[in-house]
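The following report describes one protein structure from its computed geometry. Please look over the sequence and the coordinates before reading on.

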Amino acid sequence: VAAVLAIGLVLVLLGCFRKATPEERIEKFVQKHSKEYGSTVFRDAVDGKPLVLLLYGCKVYRLEATSETVTKQEVVKPGFLLWPTGCTGQKVWRDGEDIFAERRSLEFGAGGGNASGGSYRSRNGIDWEKWTKTRWLPVAEAQR
C-alpha cells in the first residue's frame, strides 16, 4: 500500500512540474485575453502550421509560443492620428488563400470627425497589405 501511495505521489508531483506545450500556452493566453472587451481571436493554419491572430483595440497581433512563453507581435496597427482614438469596429476572416482584417477607429477631439482604419490582407499572417482605394500596398508604404 505504501509503495502504491508513493508512486501516486511521484506521478502527481511530476505532473505539477510538466511544462505546458506551446499550444496549451497559447490557449491560456487566448482565454485570458478573449475576456477583454472588444477582442477577437482568429485561428487557422497556413502551410500546415497553426496561425493565431488576436484583434484588440483595432490592432492585429500574431501569437507564437514556445514551451516557455507566448509572444504577441503587432502586425497591423492604426495609422498615426493627432488625437486619441477609439476602436469602433474590427473583424478578421479567411477567404480562399487570403486572410482579411478590417478595422475602424474614430479620433476623439477636434469634432471627432477624423477616422482611421481600412481593409488589410495577408497570405501568411506576417506580411500584410492595405487597400488604398485603387490597389493593395504593403502596410508600411500605405501608411506613410
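With which residue does Glu97 form a salt bridge? The partner is Arg123, and the closest N and O atoms are 3.0 Å apart, a salt bridge being a side-chain nitrogen of Lys or Arg within 4 Å of a carboxyl oxygen of Asp or Glu. Because Glu97 lies in the loop between β5 and β6 and Arg123 in the loop between β7 (115-122) and β8, the pair ties together parts that are 26 residues apart in sequence.

This is a predicted model, in which local features need pLDDT of at least 70 and side-chain atom pairs count only at pLDDT 80 or more, while totals for chains, interfaces and linings use all residues. Residues are numbered from 1 along each chain as its sequence is written, and side-chain values use heavy atoms, with hydrogens and water left out. Helices (H or I, at least four residues) and strands (E, at least two) are DSSP runs numbered from the N terminus.

The whole structure holds 8 salt bridges, including the three in the table.

| Pair | Closest N to O distance |
|---|---|
| Arg94 and Asp44 | 3.1 Å |
| Glu64 and Arg62 | 2.1 Å |
| Glu97 and Arg123 | 3.0 Å |

Arg94 in strand β5 (residues 85-95) and Asp44 in strand β1 are 50 residues apart, so this pair links distant parts of the chain. In accessibility terms (buried under 20% relative accessible area, exposed over 50%, partly exposed in between, with a 1.4 Å probe and protein chains only), Arg62 is buried at 8%, whereas its partner Glu64 is partly exposed at 42%. Glu97 and Arg123 also join Asp98 in a network of salt bridges.

The largest nonpolar core (buried Ala, Val, Leu, Ile, Met, Phe, Trp, Tyr and Cys residues joined through side-chain atoms within 4.5 Å) has 14 residues, of which Leu53, Val60, Val92, Ile99 and Trp128 touch the most other members. Strand β2 (49-56) is among the elements that give two or more residues to this core, and its share of 3 residues is the largest.

Two loop residues stand out by backbone geometry. Most residues other than glycine have a negative phi. Asp47, however, has a positive phi of about 55° and is found in the loop between β1 and β2, where it counts as exposed at 75% relative accessibility. Lys133, with phi near 80°, is placed in the loop between β8 (128-131) and β9 (136-138) and is exposed at 78%.
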